[in-house]
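Colleague: Please take me closely through one part of this model, the place where a pair of neighbouring elements meets, and then set it beside a few other places in the chain.

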Amino acid sequence: MKFGKSVCIINVGGTKYAFPKDVIKDFPLRRVSRLHSCASEREVLEVCDDYDRERNEFFFDRHSEAFGFIMLYVKYGKLRFVPHMCELSFYNEMIYWGLESSHLEFCCQRRLDDRMSDSYTHFTEEHHETVKEIRTDESNGKRDSQWLERMRRTFEEPTSSLAAQILASVSVIFVIVSMVILCASTLPDWKTAESNIVEEHRIIEAVCIGWFTAECIVRFIVSRDKCEFVRRPLNIIDLLAITPYYISVTMTVLTGENSQLQRAGVTLRVLRMMRIFWVIKLARHFLGLQTLGLTLRRCYREMVMLLVFICVAMAIFGALAQLLEHGLDLESGNEEYASIPAACWWVIISMTTVGYGDMYPITVPGRVLGGLCVVSGIVLLALPITFIYHSFVQCYHELKFRSARYTRSLSAEFLN
């Protein structure tokens with residue numbers, strides 16, 4: 001840097017930092033160190049937002065608190081997130097100043113990875129290039145690409161247009177009808193009527209399967225990445241729900257067995273019941289189910305912790321219950337507590353306050369233990385609930401915000 005004073009002032013969001021020129025040259029932050037190689041004021045303005053020659057002050061319109069934490073990294077070599085600040089926002093500040101995620105402490109790296117995997121607001125350079133290519137194709141008048149993109153949005157994004165909403169409503173109706181048919185087919189009266197009357201429900205079932213198959217094929221054809229489409233959990237569930245019907249039809253054609261003999265097979269009955277997974281298809285169209293899935297994915301550590309709590313309590317209370325109810329008096333003891341696994345069943349229904357009444361303690365020490373078991377279950381189950389609740393509220397607002405923002409962007413694109 002061939003101009004200004006010997007002391008440089010870095011002004012970030014109103015907070016000033018003074019450094020000698022020699023320190024600026026080897027500064028750990030790349031954006032700051034680039035100031036030393038600037039030969040003109042024009043080059044300086046390409047690095048910072050403004051420059052005051054008289055005071056030799058460089059202005060950066062960035063988050064001052066985030067830069068303060070970054071300066072702590074420069075001083076002490078440890079970089080952590082700013083409390084009550086979005087991880088992605090702080091990560092963007094890091095990128096601006098020339099840092100990478102590897103500079104973060106391990107705990108913060110894990111938080112950033114979880115946040116980036118759950119959020120759709122972070123776009124990589126490859127995604128920006130893809131968006132630019134799509135916009136370039138549309139501006140060049142490639143109608144095939146536009147048609148495929150519209151089809152993809154219609155089938156994948158129910159809020160993208162009126163046609164997508166109608167298609168989603170029809171899909172929901174088919175899911176409900178197929179579930180009603182599946183549940184009703186297990187009723188005894190339904191089976192009796194089925195042997196005497198024309199099996200109209202089989203026609204309805206075939207129509208529903210045909211709709212789901214056609215929908216899945218079209219969504220696969222118009223998808224951008226076929227491998228990614230196959231790996232998505234909802235698409236795997238669709239395949240598992242559709243496949244049993246075609247296996248049943250194939251066996252009918254090959255073996256010549258009637259439907260009654262087929263239903264007698266345990267394997268086919270299991271495959272038939274797998275169609276209950278169609279209910280999960282509703283997650284494509286309902287924000288609440290999407291929020292539930294995202295919450296479970298984010299709170300898997302809390303869920304594992306809850307399971308560990310329950311397992312430890314089951315082992316302790318199960319062993320004590322077996323000892324107090326049966327182990328102390330083998331002749332007249334409570335036979336329902338003859339083993340620890342049997343006592344663990346009593347523990348789990350007591351801790352969850354279900355209480356089926358199929359087994360209960362009869363001795364005074366056993367009843368005291370039962371009271372402690374119930375109270376402990378209430379406390380243990382309540383511990384992770386706060387974290388799960390706050391995560392659920394956060395996920396709901398995030399998904400709602402994304403949906404609203406996406407709808408506004410589509411409206412703006414349509415108007416343009």
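Modeller: Angles between helices count as roughly parallel under 35 degrees, roughly antiparallel over 145, roughly perpendicular from 65 to 115, and oblique otherwise; they run from 0 to 180 degrees between N-to-C directions, with axes fitted to C-alpha atoms over the stretch in contact. This is a predicted model, in which local features need pLDDT of at least 70 and side-chain atom pairs pLDDT 80 or more, while totals use all residues. Residues are numbered from 1 along each chain, and side-chain values use heavy atoms without hydrogens or water.

The pair I would choose is α17, residues 300-327, with α18, residues 340-351, whose axes come within 8 Å and cross at roughly 120°. The two helices, α17 and α18, are therefore oblique to each other, and their crossing is right-handed (the near helix turned clockwise from the far one by less than a right angle). On the α17 side, the residues that take part are Ile310, Ala313, Met314, Phe317, Gly318, Ala319, Ala321 and Gln322, and they meet Ile340, Ala343, Cys344, Trp346, Val347, Ile348 and Met351 of α18 (contact meaning heavy atoms within 4.5 Å). By class, the residues of this contact between α17 and α18 comprise 13 nonpolar, two polar and no charged, where Gly counts as polar and Asp, Glu, Lys and Arg as charged. Following the chain onward from α18, one enters the loop that leads to α19 (364-382), and Thr353 is found there; Thr353 has a positive phi of about 55° although it is not a glycine.

A second pair of helices can be described in the same terms. The axes of α4 (residues 64-76) and α5 (residues 87-97) come within 10 Å and cross at roughly 65°, and this crossing is also right-handed. Here Ala66, Phe67, Phe69 and Ile70 of α4 are in contact with Phe90, Glu93, Met94 and Trp97 of α5, a set that divides into seven nonpolar residues, no polar ones and one charged. Helix α5 is mostly covered, since eight of its eleven residues are buried (under 20% relative accessible area, with a 1.4 Å probe). The buried residues of α5 are Glu87, Leu88, Phe90, Tyr91, Glu93, Met94, Tyr96 and Trp97, and just after α5 the chain reaches Gly98, with a positive phi of about 100°.

Another positive phi, near 55°, belongs to Asn56, which is again a residue other than glycine. Asn56 sits in the loop between β3 (50-52) and β4 (57-60), and Asn56 is buried, with a relative accessible area of 0%.

A link between distant parts of the sequence is seen at Thr295, in helix α16 (residues 287-298). Thr295 is buried, at a relative accessible area of 2%, and beyond its neighbours within four places in sequence Thr295 is in contact with Ile388, Ser391, Phe392 and Cys395. The C-alpha atoms of Thr295 and Phe392 are separated by 5.3 Å, although the two residues lie 97 residues apart along the chain.

For the protein as a whole, there are 20 helices and four strands (DSSP runs of at least four and at least two residues). Of the 416 residues, 34% are buried, and among contacts with a separation of 6 or more, 62% join residues 24 or more positions apart.

Definitions and conventions. Buried means under 20% relative accessible area, exposed over 50%, partly exposed in between (1.4 Å probe, protein chains only).
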